[in-house]
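User: Could you walk me through how the chains in this model sit together?

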There are 2 protein chains.
Amino acid sequence: MLAEIITIGDEILIGQIVDTNSAFIATELNKIGVSVFQITSVQDDRSHILKAFSDAEKRAEIIIITGGLGPTKDDITKRTLCEYLNDKLVEDKQVLAHIEELFKNYISTPISDVNRHQALVPSKAQVLHNAYGTAPGMWMSNEKATFISLPGVPFEMKNLINNAVIPKIAATFHRPHIYHKTIMTYGLGESAIAAIIEDWEENLPSFVKLAYLPNLGKVRLRLTAKGPDKNLIEEAVKTEAAKLYSIIGNIIYGEEEDG
Amino acid sequence: MLAEIITIGDEILIGQIVDTNSAFIATELNKIGVSVFQITSVQDDRSHILKAFSDAEKRAEIIIITGGLGPTKDDITKRTLCEYLNDKLVEDKQVLAHIEELFKNYISTPISDVNRHQALVPSKAQVLHNAYGTAPGMWMSNEKATFISLPGVPFEMKNLINNAVIPKIAATFHRPHIYHKTIMTYGLGESAIAAIIEDWEENLPSFVKLAYLPNLGKVRLRLTAKGPDKNLIEEAVKTEAAKLYSIIGNIIYGEEEDG
């Protein structure tokens, strides 16, 4: 089960903001066995977004989009998604009521037509309730992929991922299990470790992958296994980790687990 | 003049690290008039990287790649770049001397063949000296694009960008000027501001773009102009900013400039 993340916004491409959303989304998807194949950051530009959608749906079944849902002119994700999926925008009464409620309770300026336009959603979209903002999340499918569009503001996005997107993906798609274990080492460089564990690494089961994550004198070794049988993949990773302790136990100072 | 950034590494796609390299590179490129069209994060996988190279060179003249240059098995950027550009790896004597020097002075483990292999570079590559690490930067061109490959470790990458890549791009390519000015506002939401400045926004010169960057009660308005005449674009942005002060001066509390 593959997903892709598309982040939309010129501010990312001029380096004004770091895209922290993608790492959060990738982490949460991994926990439920969905692998992120590619992350793409594109401009606030209709044709660029259309191309990104079309490329992504050739590679992945789930496409999560953040950004470009605000009320102003630089925000075009919703219109472009609608165009891409041959749909039209219709007013969602619940979203409108929520926007009016937010304005009444928390926002000092009067509600405008621009704000009310945020209640327009593609007619085929399932709305994901954004408790903390005026831009709704949207879940739409065509025959190839499911497109999930979320606001780019991190606390709104995180709330939607945790409370709407992840549970809905878990309920909708059949997914393999993924299990990670990261072994932290200190005192030997990446290449010295690689030379010592070469035989072990070459004999890993095909569904177990190793990655080296070096950083200032420390090297983290991440074991990842993926497959339909949760117990099998966890056991395989634990068995391989145990072998690693017997080979380089003297430089291991800890581990992280993520089942 | 368009660039793209490709970051390579499974650790990005499982969310284990946030890609901070891209924002740094994008910022530095923007300062010399190079716009980043797209940022793509791909896996440590030969065919995925090849596809990313081929897609990127259809859109941009400069492709900056980070990651996948370390000494271990998960590091395949160099080999894939070589394959993509129909080249072969040859030993670079200066890089080898540098690696041996680093090991002699700073690294307690003995140098291995794996370390020495880092001195292999594509025969057509111009080597960019990485003072702080064993993986050299590389600059290679085909008829469509220039590929610049850098290590993913942030302090090594930053040193190479500032001291090798940016000066070399500036000396090699003819570039337009880019000028940004960001106006910081407080007290009105994005959509309220948009409604007030709508007429002004619609009458902006075509080479001046506006972006809204909202964040917890504050909204930054970024004006960006691009063109061959430095004075003209700076004047245009300053003129438009001055108009903005006359319309919403009451909510402006500061600005940032980046010429």
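Analyst: What follows deals with the interface, the symmetry and the salt bridges. This is a predicted model, in which local features need pLDDT of at least 70 and side-chain atom pairs count only at pLDDT 80 or more, while totals for chains, interfaces and linings use all residues. Residues are numbered from 1 along each chain as its sequence is written, chains are lettered from A in the order in which they are written, and side-chain values use heavy atoms, with hydrogens and water left out.

User: OK, how many residues does each chain put into the contact?

Analyst: Chain B contributes 55 residues and chain A 54 residues, where contact means heavy atoms within 4.5 Å.

User: And what is the area buried between chain B and chain A?

Analyst: About 4,200 Å² is buried, with carbon and sulfur atoms giving 56% of that area; buried area here is the accessible area (1.4 Å probe) that two parts lose on being put together, summed over both.

User: Which strand of chain B gives the most to that side?

Analyst: Strand E2 of chain B (residues 35-42) does, with seven residues on the side that touches chain A; strands (E, at least two residues) and helices (H or I, at least four) are DSSP runs, numbered from the N terminus.

User: How does E2 of chain A pair with E2(B)?

Analyst: The two strands run antiparallel and are joined by three bridges, pairing being assigned if DSSP finds at least two bridges between two strands. Within this pairing, Thr40(A) has Thr40(B) as its bridge partner.

User: What turn lays chain B on chain A?

Analyst: A turn of 180° with a shift of 0.0 Å along the axis superposes chain B on chain A at an RMSD of 0.1 Å, by least squares on the C-alpha atoms of residues with pLDDT of at least 70 in both copies. That is the relation of a two-fold axis. Thr40(B) is the residue of chain B that comes closest to the rotation axis, at 2.3 Å (C-alpha).

User: Switching topic, how many salt bridges are there over all chains?

Analyst: There are 26 over all chains, a salt bridge being a side-chain nitrogen of Lys or Arg within 4 Å of a carboxyl oxygen of Asp or Glu, whereas the count between chain B and chain A is zero.

User: What do Glu4(A) and Arg59(A) do?

Analyst: Their side chains meet in a salt bridge at 2.6 Å, N to O. Glu4(A) lies in strand E1 (residues 2-8) and Arg59(A) in helix H3 (residues 46-59) of chain A, so the pair ties together parts that are 55 residues apart in sequence.
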